[in-house]
Amino acid sequence: MSKNLRVKSSKFVDETYRVSFKFNGSRYYGYKGDTLASALLANNIHLVGRSFKYHRPRGIMTSGSEEPNAIVQLHNNSDRTEPNVRATEVEIYEGLEASSQNCWPSVNFDIGGINNLLSPLLPAGFYYKTFMWPASFWEKYEYFIRKSAGLGKSPTTPDPDIYEHEYIHCDVLIVGAGISGIMAAKTAAKNGLKTILVDEKPNLGGSTVYQSSEHFKINNQNSGSWLEKEINEIKKIDNLDIRIRTSVAAFHGYNFLLARENLTDHLPIEQRKNKTRQKLLKIRAKKVITATGSLERPLIFDNNDRPGILLSSAIKRYADLFGVACGEKNIFLTNNDSAYETAISLIQKGIKVEAIVDNREEIESKLLYEIEKNNVKVFKGFTIVNTHGYKKINKVSLMKLSKDGQKVIGSKIDLSCDCLGVSGGWTPAVHLFTQSGGKLKFREEDQVFIPSKYSSDQISIGACNGDLALEDIIKNTPKYLKEFLNIKKTDYDNVEIFSSENKSKRNIWLLPSDKILGKTKSFVDYQNDATAKDIKLALREGFRSIEHVKRYTTTGMGTDQGKLGNMHALGIISETAGTKMGEHGTTTFRPPYTPLTFGTIVGRNVGEYFDIFRKTPMHEWHLKNKAEFENVGQWKRAWYYPKNNENMFEAVQRESRAARESAGILDASTLGKIDIQGTDASEFLNRVYTNAWSKLNVGKCRYGLMLNEDGMVYDDGVTTRLAENHYIMTTTTGGAANVLGKLEDYLQTEWPELDVYLTSVTDHFATISVCGPNSKKIISNVIPDLDLTDENFPHMSFKNAKIGKINCRVMRISFTGEHSYEINIQANYANSVWEKCMDEGKDFNITPYGTETMHLLRAEKGFIIVGQDTDATMTPIDLQMDWIVGKKKYDFIGKRSLYRSDTIKDDRKQLVGLLTDNPNEILEEGAQIVADINKSPIEMLGHVTSSYYSPNLKKSIALGVVRGGKNMMGKKLIIPMENKTINVTVADPVFLDKENKRLNA
Amino acid sequence: MFIINCPFCGEREQSEFKAGGEAHIERPKQPTELSDDEWAEYLFMRKNIKGIQFERWNHMHGCRKWFNMARDTSNDEIKAIYKIGEKPPIK
Ligand SMILES: [Zn+2]
């Protein structure tokens, strides 16, 4: 069965280097330089996959990144497996294993193929219309749809490869190394500009470099040889950086581009070890030259998707570049001269061309004469109305086109073949240009969209700018370059060009058939199985905008983003709706141009490098003492310290008891600390906090609540007056950066007259908090010189002190309700002071506790945690914290909002305590709170925000927000859970020591 | 990603900056004198126009200074950058 279709040696593949690879389990051979597609075609394999919806057999259709059909899975069941890879882009290497996608159980026998027979039942929008009802059935439908559809399999083990990001700044970036890109690169680099040239293919020169025809000559040499010399020259230029296998994925504003450089994908796997696989290039270019060429258009006719139907340009590339014949009996369907170029190329290599079916009635072309000289039959003014052959094309049927091209006339002619090349003309590859924000215009004469308005310092040149013929490229490119780069001359100003091509074209978006449209399958989007019929149905159902039609029919929504068929979709829409092209919009091409791997996107930011994390000076101590950690913002905070196989609950219960019974110690270094100085510091605090600050004496501390201008609680913390014009503010751990930003905002933009300076000192000071009835005894040993009597050092005050020679600030403040001290100390001394506290506390069973115990202890006291008990909808009044709002103050941030009609409502959600009827039942944080479960729908009153089992009260306690909760004291409410309902009573949120006796104990 | 010319530091990547909403909205000097509607006007109402928009930006991961920017929202072109307290140099 395996035939060798390698017809002619090519200088682009190395025939002395044979490579073996596997496709769908069978072993094949190709040569170094082959793509998987060219190697398969050389082995006469066309059938490589199944289509997404109808599971129709599909073959290789193109030779590049626009490929819609030949999508394969590489190295199935290995950690390097990769789905959705285009066979036309994979360079083969020894040991390559590829398999077909979209087919189950196999490409040759596919169960989903039955969808093809059912296709009259599967119109556009079928999935939307059918599987949406009843909604509860979706899960069942989905299982079967996914199993028989499937877009490849993702790997299930970690990616073993290394990826990197590289930042590049340059004067000129040139995207695409076809003939115009090469000319641009040489011109820019020779003018002293730092230039980068990227191309997605492994070799430079685009489609000109293998052009050996006598019909295209530059300076009297065939165009391929001429370009090869240019390429050899630019490789020697120092200030030109050439990156091959590099595909630009995105062209953002301000000339910021992302590209993927492939470094090892073409190597055998054992040679990839310790090498970077792919790089994401982040390029900032002063100027960008887009030279991305053009894509050949297919033609839309019945059964235009069979294996063995390829773009004419792909057939030429396989023959010229790889020396591979796609078939032994070739037929072409064309509406322009391009197919003749391919046919001539094949004939030169001894490959048989049966016929050319040309939509054009009259053709004036030197290429036509040469074809006819070679006895190839040319059917002028004909079109193909149908093709035959299930897994491979074996016959085409042609008919004559009517004068207006809307109908077929006469009788049907059948011709047998094994390969059909189609050419519908060329579409400029404007994808990157439109991504960058450029605006297109429509050129009527050959029905193409070309760049019209640029959004940054960039140009498009060559085919992507509408110069589709070689002579136009050679003529126009130097002109554009001189103007864009502001230079006087280029090496190409006097280049002579000879071309036999005739530019005439007969564009018919949807070729007519002898059947009614409903009976045809004329594919517009091959990957998603969208047909011309589907697009017309969408229009009949009222869709007009191209973006809507696209989503409804799924045209252009595959991994190829409809690179081939989008123009036809637009054409069919405008013909059907009787509007001008582009009037319904062109679809937006979104990044990436070709799919990117996740590895490339994340680069080195994986595992422990995923995000930076911050450690306190005592981090090593916590590690040594087996702490479990919790992430708070970027901080790693000790969460709890399990002992002797304790679980989290047991550890937290033990830590909580110890803190209340004797002594606990907490690393509170992560709290945000802002140093505030200036003669207006007190006035500033007055404006940013809800309570009054001017009367706070030096040496005293005060708790403050900060609101947003909308009156909602934003942050809280204790601020200490260190000196007349000097305060230190603490913020929540997570809020530190935002609070500083907000304060700076007000200082710089609203109150520039205030003499206040802010400095973040979060990292400079560490904070050690020692609490419990024995804390005083411990601190008196740690800092013997400090007078700890209540008279000298009462609650909510601060002292400067020395521990040995080290200065520290000691605050007597408490977040647990216990007698408590916070030592603030220069960060690099903190660990030694922590250890000293541990030493001095040994006799008192001083117990290190983590954030979980801290949360439990403060909940017993009903202290809120901003962000846990509050969200952005809670005012201080909602929190029952009216006492902290300075009603006499003229103004503070958010004050006016506290008496907006909405914020003074009684039935707002308010913070309350919740006690379960069963004291051992612990509520789930986030659980909904209701009053009546028999009402339908059940009215949600609020939710649980904090919940713990209190070892000190020996019962479950919780905080929650409840609509109108303030007036519900003692009322019974219900927490419905999945399998039960829990009865609770609304209580005072302060569960322990309401009289604050423990503070001074 | 824009390149933003911070008036204090020079050209930097957009990732160093934070956008801060519409510019030239002064906080009322006497909020308590305002009706609910007047306060809501200050608090909630912001323009979202196609064309030149005046906005506040903060060089958050740089000098931490706030400044104003006139930006064309239709193509993201930065038309002017000027300091807080200054009048827009363009209309
Ligand atoms: Zn700056």
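Into which domains is chain A divided? This tour of a predicted model begins with that division and ends at the contact between chain A and chain B.

**The domains of chain A**

Select chain A and colour it by range. Domain 1 covers 162-294 + 428-499, and domain 2 covers 298-395 + 403-422. Domain 3 takes 515-589, domain 4 takes 666-849, and domain 5 takes 898-1000. Next, display domain 3 and domain 5 of chain A together: their C-alpha centres lie 56 Å apart.

**A loop residue with positive phi**

Move to A:Asn24, in the loop between β1 (14-23) and β2 (26-32) of chain A. The phi of A:Asn24 is near 45 degrees, a positive value in a residue other than glycine. As background, most residues other than glycine have a negative phi, and most peptide bonds are trans.

**Around A:Lys217**

Select A:Lys217, which lies in strand β10 (residues 216-218) of chain A. Its side chain makes a polar contact with the side chain of A:Glu214, at 3.1 Å. Leaving aside residues up to four places away in sequence, A:Lys217 touches A:Asn222, A:Ser223, A:Glu496, A:Ile497 and A:Phe498.

**A salt bridge within a helix**

Proceed to helix α7 (residues 312-322) of chain A, which holds both A:Lys316 and A:Asp320. These two residues are four residues apart, about one turn of the helix. The side chains of A:Lys316 and A:Asp320 meet in a salt bridge (2.8 Å, N to O). Over all chains, the structure holds 68 salt bridges.

**Two cis peptide bonds**

Select A:Pro591 and A:Pro592 and display the backbone. The peptide bond that joins them is cis, with omega about -5 degrees. A:Pro592 belongs to the loop between α14 (566-577) and α15 (598-602) of chain A.

Then select A:Ser936 and A:Pro937, which are also joined by a cis peptide bond with omega about -5 degrees. Here the setting is the loop between β46 (928-930) and β47 (940-950) of chain A, where A:Pro937 lies.

**A hairpin**

Display residues 628-640 of chain A to bring strands β32 (residues 628-632) and β33 (residues 635-640) into view. The two strands run antiparallel and are joined by five bridges. A:Val632 has A:Trp635 as its bridge partner in β33(A). Which residue of this hairpin takes a positive phi? It is A:Gly633, with phi near 60 degrees, in a hairpin that has two residues between its strands.

**An open sheet of six strands**

Now turn to the sheet of chain A with the order β41-β42-β43-β40-β34-β44. Its six strands form an open sheet, and the pairing is mixed. The edges are held by β41 (797-803) and β44 (847-848) of chain A; each has a single partner strand, so one side of each is left without a neighbour in the sheet. In general, strands of a sheet pair through backbone hydrogen bonds, either parallel or antiparallel.

At one edge, select β41(A) with its neighbour, strand β42 (residues 806-812) of chain A: seven bridges join the two, which run antiparallel. One pair to display is A:Ile803 with its bridge partner in β42(A), A:Ile806.

**Chain B**

Hide chain A and display chain B. The chain has one helix and six strands, and along the sequence the pattern reads β-β-β-α-β-β-β. Its C-alpha atoms fill a box of roughly 45 × 30 × 25 Å, taken along the principal axes.

**Where the chains meet**

Finally, restore chain A. The contact takes 27 residues from chain A and 27 residues from chain B. Between them the two chains bury about 2,400 Å², of which 46% is on carbon and sulfur atoms. Which three residues of chain A supply more of the area that chain A buries against chain B than any other three? They are A:Tyr254, A:Tyr890 and A:Arg896, which supply 29% of that area.

Keep A:Arg896 selected and add B:Asp36: their side chains meet in a salt bridge (2.8 Å, N to O). Across the interface of chain A and chain B there are six salt bridges, and 18 residue pairs are in polar contact, with both residues at pLDDT 80 or more.

As the last selection, take helix α19 (residues 736-750) of chain A. This helix gives eight residues, the largest share of the side of chain A that touches chain B. By class, that side has ten nonpolar, eight polar and nine charged residues.

Conventions:
Residues numbered from 1 in each chain as written. Chains lettered and ligands numbered in written order. Predicted model: local features only at pLDDT ≥ 70, side-chain atom pairs only at ≥ 80, totals over all residues. Heavy atoms only, no water. Contact = heavy atoms within 4.5 Å. Buried area = accessible area lost by both parts, 1.4 Å probe. Salt bridge = Lys/Arg side-chain N within 4 Å of Asp/Glu carboxyl O. Polar contact = N/O pair within 3.5 Å; in protein donor to acceptor, adjacent residues only side chain to side chain. Nonpolar A, V, L, I, M, F, W, Y, C, P; charged D, E, K, R; others polar. Domains from an automatic or database assignment. Pairing = 2+ DSSP bridges.
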